[in-house]
Amino acid sequence: MSSPQPSTIRVGRRYRANRLNGPYDTIVIGSGIGGLTAAACLSKLGKKVLVLEQHYTAGGFTHSYDRNGYEWDVGVHYIGDMGAKHTMARRLFDYVTDSQLQWAAMDDHYDRLFIGDRKIDLVAGPKAFADNLKNAFPGEEQAIDTYLDYLGQVAKAMPGVTLAKVLPRLLAGPFRHLARRKAPAFLNQTTQTVLESLTDNQELIAALTGQWGDNGLVPSESSFIIHALIARHYLYGGYYPIGGASEMAKTIIPVIQQGGGEVFTYADVKEILLDNGKATGVRMADGQEIHAPAIISNAGVFNTFGQLLPEGAPHKDFYQMKLGQVQRSMASVCLYIGIEDSAENLQLPKTNFWIYPGSNHSQQVEAFLKDPEKQEIPLTYISFPSAKDPSFAERYPGRATIEIVAPGPFEWYEDWADKPWGKRGDDYEAKKEAYAQRLLEKLYEKMPHLRGKVDYYELSTPLSTDYFCRYSTGEIYGLDHTPERFEQDWLKPKTRIPGLYLTGQDIMTCGVVGAMIGGLLTTIAVGGVKSLPLAKKMFVG
């Protein structure tokens, strides 16, 4: 088999030392959506921001790629809260893109759950959502109403949790204490515990947690905070960026450039530079040093405090100890499929499929990891991007794409980790092929008319995630969203090292909007008093 050709979709400008146009006010390491959001917000506050991305295209998990005449997104499968301009998520997107990014609504039943033999739709709109579940689970009306009320209570408690992350340390402690007193007792219990306090119907619990793949942690381990944020985020339906996921970076970069800033790709940061214990710049792979008074890392806490902070840096031991208190999130595989026909002809839905063998999510995952060959795949997620994006048919006439995501631990592929991308050998390809066939069967079970139609497919493994996004065990959601994670008061924008800040999904939560709120919080931490009108505009409207 010939080596895959790199994608032609390139967003951002290729780094060369002679293209630097300093001095810069802020350097952002990594161009994931959190880093881009912080850069755009700071740019609007009058800062000249330099974003450095090691990959050949900007956007982190929001980038797209093309191969063999098809295009896929790698991480943006759907976004909630985009239908009305007044939601915080939509305000934030409109702000960082100067309202250039447009959205298309998915079908009303945005998520379809297959749990064993049952099929349950999650329907847009709180009333329709509840009514549909009540029809599916007669006698559970009370539990379903209380559940929706709980989602609302979590939403009310979140500003307190969020603001504690940007207050100075002296204020943050008392404020957090106050916020906790006002928050509901169930806020940071496990999702399973909270739902079992509402109902003993395990099938209903399986349906309510049918999107657990959106944070990568089974309900018995995840905090109810992340469950509630995701469920509420999609309560009014799912949306997709018109033009595909790469439109996100494409529409944000001009806002960064308006302030004199730039987003460079192939820009590999090797080390954060310190002077007298203060972060003052970065050293690039080519030896170039770039300086700025504020350094923001969007590279995740493991990379920031493990790889980028030099040995002997002040507080490095403190952070190394703290890294022992959080876990990396799940790794996955994704099967990218191309078909030579239109989404319309193929009747591909604007609905995501979530396929589960039964209603005990935790048990199914455990059994599968013990014996992956014999056990059912515990979660199969199928997305139809070419159906969701109304511009796809004009951009790729007579073509359609499908993506299938499933668990795929790093350990399965570890033996090939030191081999170069695209050249990992026949045994690696054979292992991938076997899993790809299983995933295709899942698709054909639900859509038998697609059998024999697939023109092209390729499977990405955790090794791809590491290669392109520098997550060393292929984790896709940064840190696991356990109750313990939400107790970590060091996961905030301002680090103990003066001049060094964090952003992205690790400081708030995973997901595009979670990482963007991380970017907003970092802007507030860096911008200080100047950023207060922005904070008010975004949080209050």
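The following legends describe close-up views of a predicted model.

**View 1. The largest cavity and the residues that line it.**
In this predicted model, a search of the whole structure finds five cavities of 30 Å³ or more, and the volume of the largest cavity is about 90 Å³. Its lining is made up of 14 residues, of which T209, Q211, W212, N215 and H227 lie nearest the centre. Helix α8, spanning residues 224–233, supplies the largest share of that lining, with four residues. Sorted by class, the lining of the largest cavity comprises seven nonpolar and seven polar residues, with no charged residues.

**View 2. The packing of helix α2 against helix α17.**
Two packed helices are described by the angle between their axes and the distance between the axes. Helix α2 (residues 88–96) packs with helix α17 (residues 512–527) at an angle of about 65°, and their axes are 11 Å apart; the crossing of α2 past α17 is left-handed. On the α2 side the contact is made by M88, A89, L92, F93 and V96, and on the α17 side by V512, V513, M516, I517 and L520. The residues of this contact divide into 10 nonpolar, no polar and no charged.

**View 3. The packing of helix α1 against helix α2.**
Helix α1 (residues 33–44) and α2 also pack at an angle of about 65°, here with their axes 9 Å apart, and the crossing of α1 and α2 is left-handed. From α1, the residues T37, A40, C41 and K44 meet L92, Y95 and V96 of α2. By class, the contact of α1 with α2 has five nonpolar residues, one polar residue and one charged residue. L92 and V96 of α2 thus appear in the contact with α1 and in the contact with α17.

**View 4. The open sheet of seven strands, with helix α15 lying across several of them.**
The strands of this open sheet follow the order β9-β8-β17-β18-β19-β16-β20, and their pairing is mixed. The edges are taken by β9 (118–123) and β20 (454–460), each of which has a single partner strand, so one side of each is left without a neighbour in the sheet. From one strand to the next, the twist averages 15°. At the β9 edge, strand β8 (residues 109–115) pairs with β9 in the antiparallel sense over six bridges, and I120 in β9 is the bridge partner of L113. Helix α15 (residues 426–446) lies across β8, β16 (332–339), β17 (352–356), β18 (380–383), β19 (400–407) and β20, and runs at about 125° to β20.

**View 5. The open sheet of three strands.**
The order of this sheet is β6-β10-β7, with antiparallel pairing, and its edge strands, β6 (79–80) and β7 (103–105), each pair on one side only. Strand β10 (residues 238–241) is joined to β6 by two bridges, the two strands running antiparallel, and the bridge partner of G80 in β10 is G238.

**View 6. Backbone details in three loops.**
In the loop between β1 (13–14) and β2 (26–29) lies P23, and the peptide bond leading from G22 to P23 is cis, with omega near 0°. D81, in the loop between β6 and α2, has a phi near 60°, a positive value in a residue other than glycine. D98, in the loop between α2 and β7, likewise has a positive phi, near 50°, and is a residue other than glycine.

How values were computed:
Residues numbered from 1 in each chain as written. Predicted model: local features only at pLDDT ≥ 70, side-chain atom pairs only at ≥ 80, totals over all residues. Heavy atoms only, no water. 1 Å grid on protein atoms, 1.4 Å probe; cavity = no way out; pocket = protein on both sides within 12 Å on 5 of 7 lines; lining within 4 Å. Points joined across faces, edges and corners; volume = space filled by probe spheres on them. Nonpolar A, V, L, I, M, F, W, Y, C, P; charged D, E, K, R; others polar. Axes fitted to C-alpha atoms, helices over the stretch in contact; angles between N-to-C directions. Left-handed = near helix turned anticlockwise from the far one by under 90°. Contact = heavy atoms within 4.5 Å. Pairing = 2+ DSSP bridges.
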